[in-house]
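Trainee: Could we go through this model together? I would like to hear how each term is justified.

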Amino acid sequence: MKPLSSQAFDAVTRLFHSVSGIRLTESKHALVTGRLQRLATEAGEPDVETYVEKLLRGGAPAQEMTRLIDRLTTNETYFFREPQHFNDLADRLALVPPGQDFSVWSAASSSGEEAYSVAMLLSEQLTHAPWQIIGTDLSTAMVESARRALYPMDRARMVPPAYLKRFCLRGMGEQTGQVLVSRELRVKVRFEAANLMQPLPDWLPQFDVIFLRNVLIYFDTEAKAEILRRVLGHLKPQGVLYTGHAESLSSLGLPLRPLGTAVHTHA
Ligand SMILES: C[S@@+](CC[C@H](N)C(=O)[O-])C[C@H]1O[C@@H](n2cnc3c(N)ncnc32)[C@H](O)[C@@H]1O
């Protein structure tokens, strides 16, 4: 596969950055070429260079931009990733007053495993209060995949056995080797597209808990701070924010108070 020229790489990554806020540096050149190859083939272009040239010349139509974003975002995720956060949340659930609404936002939900992991926990342990979960992601392909809730078995390896039994259906026939999240949970978790780099949708409420994990790593300091400010605008005064363990927020000068490792609340 012929790599993209530096010029085409710069142009396409600039375009991607303008929409997503994610800066793909030169170290990602081979990765970007690889990810665009399939789009080029699907578009009937002989190589990625021609695909990018035509995309830019045609003013990057919305439909093709959606496909580009779906290809260039990194969506890796799995159930009960960074399990300390789920243990921390479990401890907090006991303090929720009976009957008081409890809401959780998975703010870069990818294919939905994080939101469904929270749903399993809430179903089991928050039986004394009504709850809702919303998952949002930039990639519409990921939002659709989250709504389908059908996963390769290995993504569910961290699901506690009792939850696996209660909330996951083993695929049969064509779906062998996959698990489907039960309908009981699917109907309780809503997934929508939302770009954290743009004003958030009006319908998005205030949350008791926000998961914003393994997404900030892709942004520069300025964009990180902008996203956090926007997200914190949707966290209730006593709310809890979970960020990825690899993501340091200390240099951003935001009004946050640590409650634990990668666990925060308003200062
Ligand atoms: C690595 S996944 C993280 C999934 C999950 N939170 C976890 O920790 O496993 C990162 C997700 O962030 C999404 N993302 C990237 N930029 C975004 C943006 N500007 N707005 C919303 N989501 C974005 C990507 O589409 C991707 O699905």
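Mentor: Gladly! Let's start with the domains: 8 residues of domain 1 are in contact with 11 residues of domain 2. The model is predicted, so local features need pLDDT of at least 70 and side-chain atom pairs pLDDT 80 or more, while totals for chains, interfaces and linings use all residues. Residues are numbered from 1 along each chain, and side-chain values use heavy atoms, without hydrogens and water.

Trainee: What makes these residues of domain 1 and domain 2 count as in contact?

Mentor: Contact means heavy atoms within 4.5 Å. The bounds, 6-72 for domain 1 and 84-266 for domain 2, come from an automatic or database domain assignment.

Trainee: Why is the pair formed by the ligand and the side chain of N214 called a polar contact?

Mentor: A polar contact is a pair of N or O atoms within 3.5 Å. An oxygen atom of the ligand is 2.8 Å from an N or O atom in the N214 side chain, so the pair qualifies.

Trainee: How much of the ligand does the protein bury?

Mentor: The protein buries 99% of the 600 Å² that the ligand exposes when taken alone, by the Shrake-Rupley method with a 1.4 Å probe.

Trainee: Which residues around the ligand are closest?

Mentor: T77, R81, D137, L196 and N214, out of 23 surrounding residues, each with a heavy atom within 4 Å of the ligand.

Methods. A polar contact is a pair of N or O atoms within 3.5 Å; within protein, one must be able to donate a hydrogen and the other to accept it, and residues adjacent in sequence count only if both atoms are side-chain atoms.
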